[in-house]
Amino acid sequence: MFCTSCGNQIPDGSAFCSVCGTACNTDLETQNMGYQNQAKNNESEVDSKKTDKRKKKTAIIIGVIVVAIIAVIAVVVIINLKKKPEKELSPQEKVLAEYFEALNECDFEKIYELSYTEEARAVRDGYPFLDSKIYTLEHDFFFYRGFYDNPSLCQFVLDSYPDKSDGLSDEEIENKTCDMFNVSYEIIDIQPFDEVDVKARQQLDFVDVDWQNLEDRANIGTYVDGELKESDVSVDDAYVVRLYIEWSYDDMLYGYDEEWWENKEFRAAVPDDFSTYDEAIEHMESLGDEGEKIYSVVVYESDGEWYILQGTTLPRFMGPYLEDEIRWQGVVGNN
């Protein structure tokens, strides 16, 4: 039997509960009530245990989620700490970046705008490039297609580049060639113009380039009806930038394909100092300081804007950088 008060089981016929001391009724109804109370107590214990388990499970899930969120935040923080902040480009670096971007796109009109102020450009009607972008690349910037213009070399050299023999129009040849072209650069150093000894060729000698000559180069002069018309642009600041420049047509460094030298006919036709591919590359990189293809470029400021000095003829300023002295091959004088 069961105690009707506390529900604990006690010996049948007990007058009092041995657990709580309550007087016991021994009739069947009373016993049934005891059974019911015990069942309720058992159900309550089961429900309580289930509730505790659910609470523990929920707490574990929440704990896992919180740990995961903290871990993700920690990873993001660590990555951001390791990331080096992007270096803000100087005005000189910015104009060089724009210039080489325009070169890669064969956008010579943009190059003209990056070389002269609007006032200087207004003196001349239109930008001074020929219609052919290929000619401009090769003859104004010296970015030649290797041996392309040499009629004594093999046809397969011409086949390395777009050609009329491919059934292409002049415009298609030009566009495909410009798509092949790529030029990259690396800044070696940037120095104030006053701190560098800059010389330029004048007839058979080299003469100093001073601020007046710098302004002459930043201006444009042209004859209109027999009369000289010149711009009057002032240069407010200037820096000399040394650059290492590397260029190619597709994967052909400096326009040369190493496979060409595998052909006996080709090797017999090339000049002696180009008898091997390595010699050809060495020849292209032998200009400038320490056997590297180095360009010395002046960037100048006028009315708060920065430009590339005479950037329409960049190779004119390519030359050795010897004992803090730059020797430009270009002649002294305005454009």
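Between which two strands does the loop that holds Asp-250 lie? In this predicted model, Asp-250 is placed in the loop that links β6 (237-249) to β7 (252-253). The backbone of Asp-250 has a positive phi, near 55 degrees, although the residue is not a glycine. With a relative accessibility of 49%, Asp-250 falls in the partly exposed class, the bounds of which are 20% and 50%.

A positive phi near 55 degrees, again in a residue other than glycine, is found at Asp-303. Asp-303 belongs to the loop between β8 and β9. The relative accessible area of Asp-303 is 67%, so the residue is classed as exposed. The two strands that flank Asp-303 form a hairpin with 2 residues between them. Strand β8 spans residues 294-302 and strand β9 residues 305-308; the two run antiparallel and are joined by 4 bridges. Within this pairing, Val-299 has Ile-308 of β9 as its bridge partner.

Strand β8 also contains Ser-302. Ser-302 has a relative accessibility of 4% and is therefore counted as buried. When residues up to four places away in sequence are set aside, the contacts of Ser-302 are Thr-117, Val-233, Ser-234, Asp-236 and Tyr-307.

For the chain as a whole, the secondary structure consists of 10 helices and 11 strands. The chain has 335 residues, of which 37% are buried. Of the contacts between residues at least 6 apart in sequence, 63% link residues that are at least 24 apart. The accessible surface amounts to about 19800 Å², and carbon and sulfur atoms account for 49% of this area.

The number of salt bridges in the model is 2. One of them is formed by the side chains of Asp-189 and Arg-242, with an N to O distance of 3.0 Å. Asp-189 is part of strand β1 (residues 181-192) and Arg-242 is part of strand β6, so this pair ties together parts of the chain that lie 53 residues apart in sequence. Asp-189 is partly exposed, at 21% relative accessibility, whereas Arg-242 is buried, at 10%. The cut-off for a buried residue is under 20%, so Asp-189, at 21%, is classed as partly exposed.

Glu-138 and Arg-145 also meet through their side chains in a salt bridge, with an N to O distance of 2.8 Å. Here Glu-138 is buried at 3% relative accessibility, and Arg-145 is likewise buried at 9%.

The nonpolar interior was examined next. In soluble globular proteins, nonpolar side chains tend to be buried together. The largest nonpolar core of the model comprises 47 residues, and the members that touch the most others are Phe-143, Phe-147 and Tyr-256. Beyond residues up to four places away in sequence, Tyr-256 makes contact with Gly-146, Phe-147, Trp-261, Phe-274, Tyr-277, Ala-280, Ile-281 and Met-284. A second core, separate from the largest, has 14 residues, including Val-196, Leu-214, Tyr-307 and Leu-309. Tyr-307 of this second core is also among the residues touched by Ser-302.

Ile-281, one of the contacts of Tyr-256, is located in helix α10 (residues 277-284). Its relative accessibility is 11%, and Ile-281 is therefore counted as buried. Apart from neighbours within four places in sequence, Ile-281 touches Leu-253, Tyr-254 and Tyr-256. The C-alpha atoms of Ile-281 and Glu-258 are 9.8 Å apart, and the two residues are separated by 23 positions along the chain.

Nonpolar side chains are also found at the surface. Ile-61, Ile-65, Ile-69, Ile-73 and Val-77 make up a nonpolar surface patch, and their combined accessible area is about 440 Å². One of these residues, Ile-73, lies in helix α1, which covers residues 28-82.

Terms used
Residues are numbered from 1 along each chain as its sequence is written. This is a predicted model: local features need pLDDT of at least 70, side-chain atom pairs count only at pLDDT 80 or more; totals for chains, interfaces and linings use all residues. Side-chain values use heavy atoms; hydrogens and water are left out. Two strands pair if DSSP finds at least two bridges between them. Buried means under 20% relative accessible area, exposed over 50%, partly exposed in between (1.4 Å probe, protein chains only). Contact means heavy atoms within 4.5 Å. Accessible areas come from the Shrake-Rupley method with a 1.4 Å probe; for residues, only the protein chains shown count as cover. Patches are made of residues with over 30% relative accessible area and no salt bridge: like charges are joined within 9 Å, nonpolar side chains (Val, Leu, Ile, Met, Phe, Trp, Tyr) within 5 Å. A salt bridge is a side-chain nitrogen of Lys or Arg within 4 Å of a carboxyl oxygen of Asp or Glu. A nonpolar core is a set of buried Ala, Val, Leu, Ile, Met, Phe, Trp, Tyr and Cys residues joined through side-chain atoms within 4.5 Å.
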